[in-house]
Amino acid sequence: MSISLPELSPLPQLSALAPALRSASVTSCASSEAPASATRCPDSLADSFATSYAGVVAFLAVAAEGNFAKAGDRLGIGRSAISRSVQKLEAQLGVRLFVRTTRSTALTVEGQRFYDQCHPGVERIVRALDDMRELREGPPSGPLRVSSMVSFGRQVVAPLLAGFRESHPHISIELRLDDSPVDLVNERVDIAFRNGRMEDSQVIARKLIPMQRVLCASPAYVARYGLPQSIDALAEHRCVNLRLASGRLHEWVFRSEGEWRKVVPNAMLTFNDADLVLQSVLDGHGIAQLADYQVVRHLRAGALVACLPQVAPDDYGHYLCFQSRRHLPARMRAFIDYMTAHIRALDLPGAIS
């Protein structure tokens, strides 16, 4: 079994815990002259704590780095100290945590389970350290990893980053554009922008603005082919569709007489990029259902014409998502507040009605 854990780079403070490993390596039993109650070294609370504490830190470092030598380098101590701490922890737990060969170090099933249970606790400790350091050191600072749907990221999120950086010069941003579903934990994403309807109870999803899906075509297309007068009439039109990151074709969603209706059109053109779908519609090649933020300025300018507004769904939204945390780092709070205020100020859906 090869190692497949998320890298623990969000936990740089592990290196600050290295003294625990050094102190644990020199822990010894009390002298023979000590009282009998103090000579229970293998079972004493202090020795047990030192072994567990040092062992867990060493274990997490090895799991993150993939081998003992790199873990030692990360913590600033020798490989042998790492190995001894992990061995003591394995002896204390009575299980093997790693399978070690000359070429690789991998977690056992028990090791994976132990990691899953330890990692959230260490993350909470690190968040506490981050919060205290930010309070002590002043303005919000540090890195933020942000994910967004490709088109929304290009058109809405990215243009706002320069203003945010001017307000918060000590915060660095990595923006990743990806239409695939995002795993905030395993992909180490702090904040994600998502479209549609949020049904994941494991994340906080703040609705930024409503989202409409707009069926539209160019005036040139309308002059040549007209507009559909019903959902069923779409079968007679040249449609342009999107292939999602999952490989599925995009379903066009309508709300007719209080009921949902989903249609996968027989498209003449299909792209795996929403901006290419938009460009094809602007060029007069067909009709498509697109998100409001993509088309609002083209509708204002008359470059696109909306149709079937009476069956357009109205309960979708643009969401800002993050992990449920009682105490968010100041840099995350600053980014969430800034983006919420500035995206809502754009008033994107208001221009479509």
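# Notebook: helices, two sheets and a core

**Entry 1: the α3/α4 crossing.** I started with helix α3 (residues 68-75) and helix α4 (residues 79-93), whose axes come within 8 Å and cross at roughly 105°. Angles from 65 to 115 degrees count as roughly perpendicular, so α3 is roughly perpendicular to α4. A reminder to myself: this is a predicted model.

I then listed who makes the contact. From α3 I have Phe-68, Ala-69, Ala-71, Gly-72 and Leu-75. From α4 I have Arg-79, Ile-82, Ser-83 and Val-86. Sorted by class, that contact has six nonpolar, two polar and one charged residues.

**Entry 2: the three-strand sheet.** Next I looked up an open sheet with the strand order β12-β7-β13, paired antiparallel. Which strands stand at its edges? They are β12 (288-291) and β13 (305-307); each has a single partner strand, so one side of each is left without a neighbour in the sheet. I noted that neighbouring strands here are turned by 55° against each other on average, ignoring direction.

Two helices pack on this sheet. I have helix α8 (residues 274-282) touching β7 and β12, with its direction at about 125° to that of β12. Helix α9 (residues 292-301) touches β7, β12 and β13, and its direction makes about 100° with that of β12.

**Entry 3: strand β7 up close.** Is β7 mostly covered or mostly uncovered? It is mostly covered, with five of its five residues buried. I checked which way they point: Arg-213, Leu-215 and Ala-217 go one way from β7, while Val-214 and Cys-216 go the other, and all are buried.

For the pairing, I counted four bridges between β7 (residues 213-217) and β12, running antiparallel. Cys-216 has Ala-288 of β12 as its bridge partner, and Leu-215 stands opposite Gln-289 in β12. Over to β13 there are three bridges, again antiparallel. On that side Leu-215 has Cys-307 as its bridge partner. So noted, Leu-215 faces Gln-289 in β12 and is bridged to Cys-307 in β13.

**Entry 4: the five-strand sheet.** I moved on to an open sheet of five strands, ordered β4-β3-β5-β14-β6, with mixed pairing. Here β4 (171-177) and β6 stand at the edges, each with a single partner strand, so one side of each has no neighbour in the sheet. The average turn between neighbouring strands is 20°, direction ignored. Helix α6 packs on this sheet and touches β3, β4, β5 and β14; its direction makes about 170° with that of β4.

I spent some time on β14, which is mostly covered: eight of its eight residues are buried. How many bridges join β6 to β14? Eight, and the two strands run antiparallel. I wrote down two of the β6/β14 pairs: Pro-210 with Gly-317 and Ile-209 with His-318. β14 also pairs with β5, in the antiparallel sense, over five bridges. There Gly-196 has Gly-317 as its bridge partner. Gly-317 therefore turns up twice in my list, as the partner of Gly-196 and of Pro-210.

**Entry 5: the largest nonpolar core.** I pulled up the largest nonpolar core, which has 31 residues. Those with the most contacts inside it are Phe-152, Ile-191, Phe-193, Leu-320, Phe-335, Met-339 and Ile-343. Which elements give two or more residues to this core? I got β3 (142-148), α6 (150-167), β5 (191-196), β6 (203-211), α9, β14 (316-323) and α10 (330-346). The largest share, seven residues, comes from α10. For context, nonpolar side chains tend to be buried together in soluble globular proteins.

**Entry 6: Gly-153.** Last lookup. Gly-153 is found in helix α6. Is Gly-153 buried or exposed? Its relative accessibility is 0%, so Gly-153 counts as buried. Beyond its neighbours within four places in sequence, I find Gly-153 in contact with Ser-148, Ala-158, Pro-159, Leu-175 and Leu-177. I also looked at Asp-178: Gly-153 and Asp-178 are 25 residues apart in sequence, and their C-alpha atoms are 8.9 Å apart in space.

Conventions: Residues numbered from 1 in each chain as written. Predicted model: local features only at pLDDT ≥ 70, side-chain atom pairs only at ≥ 80, totals over all residues. Heavy atoms only, no water. Pairing = 2+ DSSP bridges. Axes fitted to C-alpha atoms, helices over the stretch in contact; angles between N-to-C directions. Contact = heavy atoms within 4.5 Å. Parallel < 35°, antiparallel > 145°, perpendicular 65-115°, else oblique. Nonpolar A, V, L, I, M, F, W, Y, C, P; charged D, E, K, R; others polar. Buried < 20%, exposed > 50% of the residue type's maximum accessible area, 1.4 Å probe, protein only. Core = buried A, V, L, I, M, F, W, Y, C linked by side-chain atoms within 4.5 Å.
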